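Hello,

Here is the structure I promised to pass on to you. Have a look at it first, and then read on for what I found.

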Amino acid sequence: MPRIIFRDADGGIREVNVDAGRSVMLGATMNGVPGIDADCGGTLSCATCHVYVDEAWADRIPPVDEVENDLLENVACERAANSRLSCQILVTEDLDGITVDIPERQY
Ligand code: FES
């Protein structure tokens, strides 16, 4: 079961295991990782599941599509080149160990 590493804005680290096929967002919400609100439940309409993907992993996930790109324009914290909506990152065995930073806030 792939492992996801979440780093919060204070430097705290949480590691969770998630079934392949689930999203990074679900990895957080199902395991009580704070800081990812995911108000829309993963239907790509809220932008409150924003994360910064560690540079080492950025090339291993599919690129941002048009809808995600539009929503990323409305995230609460500054958008960066490695900004993603975590509901759009599906976990695979190849992503075992993927590391993401949680922004200070989602609103
Ligand atoms: Fe709403 Fe990701 S959970 S856009």
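Let me start with Glu 73, which is exposed because its relative accessible area is 55%. Please keep in mind throughout that this is a predicted model. The side chain of Glu 73 meets that of Arg 79 in a salt bridge, with 2.6 Å from N to O. Its partner, Arg 79, is partly exposed, at a relative accessible area of 30%.

That pair belongs to a wider topic, the charged side chains. In total, the structure holds six salt bridges. As general background, side chains of opposite charge can pair when their charged atoms come close.

Another of these pairs is Glu 15 with Arg 3, where the closest N and O atoms are 3.2 Å apart. This salt bridge links distant parts of the chain, since Glu 15 sits in strand β2 (residues 13-17) and Arg 3 in strand β1, 12 residues apart. Both ends are partly exposed: Glu 15 has a relative accessible area of 48%, and Arg 3 has one of 30%.

Arg 7 also takes part, forming a salt bridge with Asp 54 in which the closest N and O atoms are 3.0 Å apart. Arg 7 lies in strand β1 and Asp 54 in the loop between β3 and α2 (55-58), so this pair ties together parts that are 47 residues apart in sequence. With a relative accessible area of 26%, Arg 7 is partly exposed. If you follow the charges onward, you will find Arg 7, Asp 54 and Asp 101 linked in a network of salt bridges.

Now to the strands. Strand β1 (residues 3-7) and strand β5 (residues 98-101) run parallel and are joined by four bridges. Within β1 and β5, Ile 5 stands opposite Thr 99. Strand β3 runs antiparallel to β5, and two bridges join them. Here Val 53 stands opposite Val 100 in β5.

His 50, which is in strand β3 (residues 50-53), may interest you too. Is His 50 buried or exposed? It is buried, because its relative accessibility is 0% and the cut-off for buried is under 20%. The side chain of His 50 makes a polar contact of 2.8 Å with the side chain of Ser 83. Leaving aside neighbours within four places in sequence, His 50 is in contact with several other residues, including Leu 72, Val 75, Cys 77, Pro 103 and Gln 106.

The loop between α1 (24-29) and β3 has a couple of backbone features to look at. Leu 44 lies in this loop, and its phi is near 60°, a positive value in a residue other than glycine. Ala 47 is in the loop between α1 and β3 as well, with a positive phi near 65°. Leu 44 is buried, with a relative accessible area of 17%, and Ala 47 counts as buried at 3%.

Last comes Cys 87, in the loop between β4 (83-85) and β5. Cys 87 counts as buried, at 10% relative accessibility. Which residues does Cys 87 contact, leaving aside its neighbours within four places in sequence? They are Ser 23, Met 25, Gly 42, Leu 44 and Cys 49. Cys 87 and Ala 38 are 49 residues apart in sequence, yet their C-alpha atoms are 7.8 Å apart in space.

Happy to go through any of this with you.

Best wishes

How values were computed:
Residues are numbered from 1 along each chain as its sequence is written. This is a predicted model: local features need pLDDT of at least 70, side-chain atom pairs count only at pLDDT 80 or more; totals for chains, interfaces and linings use all residues. Side-chain values use heavy atoms; hydrogens and water are left out. Buried means under 20% relative accessible area, exposed over 50%, partly exposed in between (1.4 Å probe, protein chains only). A polar contact is a pair of N or O atoms within 3.5 Å; within protein, one must be able to donate a hydrogen and the other to accept it, and residues adjacent in sequence count only if both atoms are side-chain atoms. Contact means heavy atoms within 4.5 Å. Two strands pair if DSSP finds at least two bridges between them. A salt bridge is a side-chain nitrogen of Lys or Arg within 4 Å of a carboxyl oxygen of Asp or Glu.
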